[in-house]
Amino acid sequence: MYHPVVNQHMADFSFEQDTRVFRNRDALTEQYTPDELVGRDEELSEFHAALQPVINGENPSNIFIYGKSGVGKTAATRFLLQRLERDVADVDEVDLTTIEVNCDGLNTSYQTAVELVNRMRDPGNEMSSTGYPQAAVYNGLWEELETQGGIVLIVLDEVDHIDDDSILYQLSRARDNGVIDNVDLGVIGISNDLSFREDLSSKVRSSLCEREVNFSAYNATELQEVLRQRETVAFHDDTLEDEVVPLCAAYGARDSGDARQALDLLLMAGDLARQDDAEHVTEQHVRRAKNKLKKNQVEEGISTLSPHGQYALYALVVLEERGETPARTRDVVPVYQEVCRQQGDEPVSLRSIRDHLASLAQLGIIDRMEKNRGRDGGKFTEQQLNHEVEIVRAGVSELLELDPSAV
DNA sequence: TTTCCACAGGAATAAAGGGCGA
DNA sequence: TCGCCCTTTATTCCTGTGGAAA
């Protein structure tokens, strides 16, 4: 049977190559490594010096890279390692392997060790992520490293996501402990968390942080330079209106000099312009992109929460809508318990709720303020949403299927 | 200066769930 | 199938915190 309406509708979703706006959209993504890194001369120079032993065929130093998110730590690491690999290729005596692992999602040393083993194994021969004794996983790791031979550089990006420092100790001390013999191993740890280094046990700190490179935040001028550099690769000439780059740079500078955020903003603004069939990316596209990114960020954070984390967040949404925030933990609890009842779930203990609220704050979804009323009221914490209540409600309702009138 | 309040959060431990090798 | 070993999420217990009041 012929359905003209349906066919007309379907025709609207055909795909055509769209080369307007972007020349090379990938140049704004995290995977792209530019030919030149803007505004990072000092950091690159220090990092370069720390990698120098590799090309000399000497035992590589363990290097610890730190600085806030989006200041070019990962980009600089990839940039220098690409050049190192290129230059090592001309030196017969040096055999270099680099392995980059992002520890986001790897909560423990165990999982990280399994990931490293699997990076070195062929597909199909990979190790399962559970079920083995820890010693078996480490033995597997040393075997794979010995098989690689030569110099191996392991990059652990977002290394602060690993809860325990056992893997860092094992890797940085592997040679001294005699578990590897045929391979010279160097570890490059990258962290956004400035306190991470201080929290390491002294034995790990002294071996992992043989060389340290601190990446400072970009200022608005440096961010503009970064964006201009990518603009020429990513967009067709004269596609961006004059105010677009300064505005993206200003947002990035406001969010603690974060180039990644500024680049994401530019990418999203370009996508919106293309979606609108516009010839140019305008200030309006940037402002819309900013809102959309914020929403995505909240939704992503919410999706990683356990059910009780979601219930606790929903309790705060309810309190926010009642105008009862900032709310003390003890005031969040009864609303949380009501949400649990509505969901047909048993509430967890006060101690666990504290942990859930702390996680929400860590994800940047809520704000927590410490208060102290002294002998009259003691010390306590108040919390409130860190984003518009509509955005959070939308994100959490999608997961919980809540009846808004019930709580 | 000391005491007190109301928690926050660390430490130890348990239970449940899932994968592995024998 | 069973025992082992891991992770995640929870519980209980308990110590630490810091500003106002005494």
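Which residues are the closest to DNA strand B? I started there. I found 17 residues around the strand, with Ser128, Arg328, Arg330, Arg354 and Gly377 the closest. Here a residue is near a strand if one of its heavy atoms lies within 4 Å of it.

Notes on the model. I am working from a predicted model, where local features need pLDDT of at least 70, side-chain atom pairs count only at pLDDT 80 or more, and totals for chains, interfaces and linings use all residues. Residues are numbered from 1 along each chain as its sequence is written, chains are lettered from A and ligands numbered from 1 in the order in which they are written, and side-chain values use heavy atoms, with hydrogens and water left out.

DNA strand B. I checked which atoms of the strand come within 4 Å of the protein: sugar and phosphate account for 68% of them. I then looked up polar contacts (pairs of N or O atoms within 3.5 Å; within protein, one must be able to donate a hydrogen and the other to accept it, and residues adjacent in sequence count only if both atoms are side-chain atoms). Tyrosine 132 places a polar side-chain atom 3.4 Å from a phosphate oxygen of strand B. Two backbone contacts go to a sugar or linking oxygen: arginine 375 at 3.2 Å, and glycine 377 at 3.1 Å. I noted that α14 (329–343), α15 (350–362), α16 (374–377) and β8 (379–385) each give at least two residues to this surface. Helices (H or I, at least four residues) and strands (E, at least two) are DSSP runs, numbered from the N terminus. I sorted the surface by class and got 2 nonpolar, 8 polar and 7 charged residues. Ala, Val, Leu, Ile, Met, Phe, Trp, Tyr, Cys and Pro count as nonpolar, Asp, Glu, Lys and Arg as charged, and the others, Gly among them, as polar.

DNA strand C. I found 20 residues around this strand; Asn107, Gln134, Ser349, Ser352 and His356 are the closest. Sugar and phosphate make up 75% of the strand C atoms that come within 4 Å of the protein. The side chain of histidine 356 has an N or O atom 2.8 Å from a phosphate oxygen. Asparagine 372 reaches a base nitrogen, with a side-chain N or O atom 3.1 Å away. Lysine 379 has a polar side-chain atom 3.4 Å from a sugar or linking oxygen of strand C. α4 (109–120), α15 and α16 are the elements giving two or more residues to this surface. Its classes are 4 nonpolar, 11 polar and 5 charged.

Helix α4 again. How do the axes of α4 and α6 (residues 166–173) cross? They come within 8 Å and cross at roughly 50°. So α4 is oblique to α6; angles under 35 degrees count as roughly parallel, over 145 as roughly antiparallel, 65 to 115 as roughly perpendicular and the rest as oblique. I listed the contact (heavy atoms within 4.5 Å): Ser109, Thr112, Ala113 and Leu116 of α4 meet Ser166, Ile167 and Leu171 of α6. The class count is 4 nonpolar, 3 polar and no charged residues.

Backbone oddities. Most residues other than glycine have a negative phi, and most peptide bonds are trans. I found a cis peptide bond joining threonine 325 and proline 326, with omega about 0°. Proline 326 sits in the loop between α13 (307–321) and β6 (327–328). Aspartate 238 is not a glycine, yet has a positive phi of about 60°.

Methods: Axes fitted to C-alpha atoms, helices over the stretch in contact; angles between N-to-C directions.
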